[in-house]
Amino acid sequence: MTQTIHNICAALEESLSSLTTIGSFATAGKVPGDVSTGLSIDGIGRIAFPLIEHQAKQIVDVCHQAPFGKGSETVIDESVRKTWELNPNQFNLVNPTWNSTITELVDTVSIELGYDPDISVEAHLHKLLLYVDGAHFQPHQDTEEKMACLRHFLFVCRRSMKAVVLLHYIGKGKVFDIGSSFHHTYVSW
């Protein structure tokens, strides 16, 4: 029986590896134009970009440490993830053109990832993450939360520090340099 399962798995893997797709497992790029998020944080007010050190410290003061999933648990361990986060009820994106900017970006990302153009893809605000000097998220394997969704869509605001995202998927790797003090960037996978 074990040999039969092994043979089925090997045949399935061989069949799947021969498939070609029109998209990539990950994509990144520059956000067109000079759009401002209009980020306003409760207890602080409007935030300027590129983020200045004084405001970064103010944001950290109202944030909590970002946890991560480990099996069925949610834990905080700075050796794995050292990041600050805000929940959506702690901030607002007040620029009236923001929603249309995100809609356009989601459409672009959907095409780049090879989604069927007849399928509607939407963005839903989940968290605001702040990575300051020394922050990190160690390599890990994400768990699926919902079917048929863009698992991650990061909008990276103009920043003066270096930022790199390394992604690996089924033997393929991509490196995205997302740090720029001149424009916003995005990454999705």
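Leaving aside its neighbours within four places in sequence, which residues is S110 in contact with? The answer is Y115 and V121, where contact means heavy atoms within 4.5 Å. Before going on, a word on what you are looking at: this is a predicted model, in which local features need pLDDT of at least 70 and side-chain atom pairs count only at pLDDT 80 or more, while totals for chains, interfaces and linings use all residues. Residues are numbered from 1 along each chain as its sequence is written, and side-chain values use heavy atoms, with hydrogens and water left out.

**Helix α3 and what follows**

S110 belongs to helix α3, which covers residues 98-112. Helices (H or I, at least four residues) and strands (E, at least two) are DSSP runs, numbered from the N terminus. With a relative accessible area of 9%, S110 is buried; buried means under 20% relative accessible area, exposed over 50%, and partly exposed in between (1.4 Å probe, protein chains only).

S110 has company: W98, T101, I102, L105, V106 and V109 are the other buried residues of α3. Looking down the axis of α3, you'd see its buried residues fall within an arc of 170 degrees, so they line one face of the helix. That arc is taken from the directions from the helix axis to the C-beta atoms. Flip to the other side of α3 and you find E104 and I111 exposed.

How does the length of α3 check out? At 1.5 Å a residue, its 15 residues should span 21 Å, and the end C-alpha atoms are 21 Å apart, which agrees. The expected span here is 1.5 Å times one less than the number of residues. After α3 comes G114, with a positive phi near 85 degrees.

G114 also turns up among the contacts of G23, which touches E112, L113 and G114, not counting residues up to four places away in sequence. G23 sits in the loop between α1 (2-17) and β1 (27-30) and is partly exposed, at a relative accessible area of 23%. Its C-alpha atom is separated by 7.1 Å from that of I111, although the two are 88 residues apart along the chain.

**Strands and sheets**

Just past that loop, β1 pairs with β15 in the antiparallel sense over 4 bridges; two strands pair if DSSP finds at least two bridges between them. Strand β15 (residues 185-188) is covered on both faces: T185 and V187 on one side, and Y186 and S188 on the other, are all buried.

Here are some of the bridge partners:

| Residue | Bridge partner |
|---|---|
| K30 | T185 in β15 |
| L86 | L128 in β10 |
| S40 | R46 in β3 |

There is an open sheet of 3 strands in the order β4-β8-β10, with antiparallel pairing. Its edges are β4 (64-65) and β10 (128-130), each with a single partner strand, so one side of each has no neighbour in the sheet. Strand β8 (residues 84-86) is joined to β10 by 3 bridges. Lying across β4, β8 and β10 is helix α2 (residues 53-62), which runs at about 120 degrees to β10. For such angles, axes are lines fitted to C-alpha atoms, for helices over the stretch in contact, and values run from 0 to 180 degrees between N-to-C directions.

Another open sheet of 3 strands follows the order β3-β2-β9, again antiparallel. At its edges stand β3 (45-46) and β9 (91-93), each with a single partner strand, so one side of each is left without a neighbour in the sheet. Strand β2 (residues 39-41) is linked to β3 by 2 bridges.
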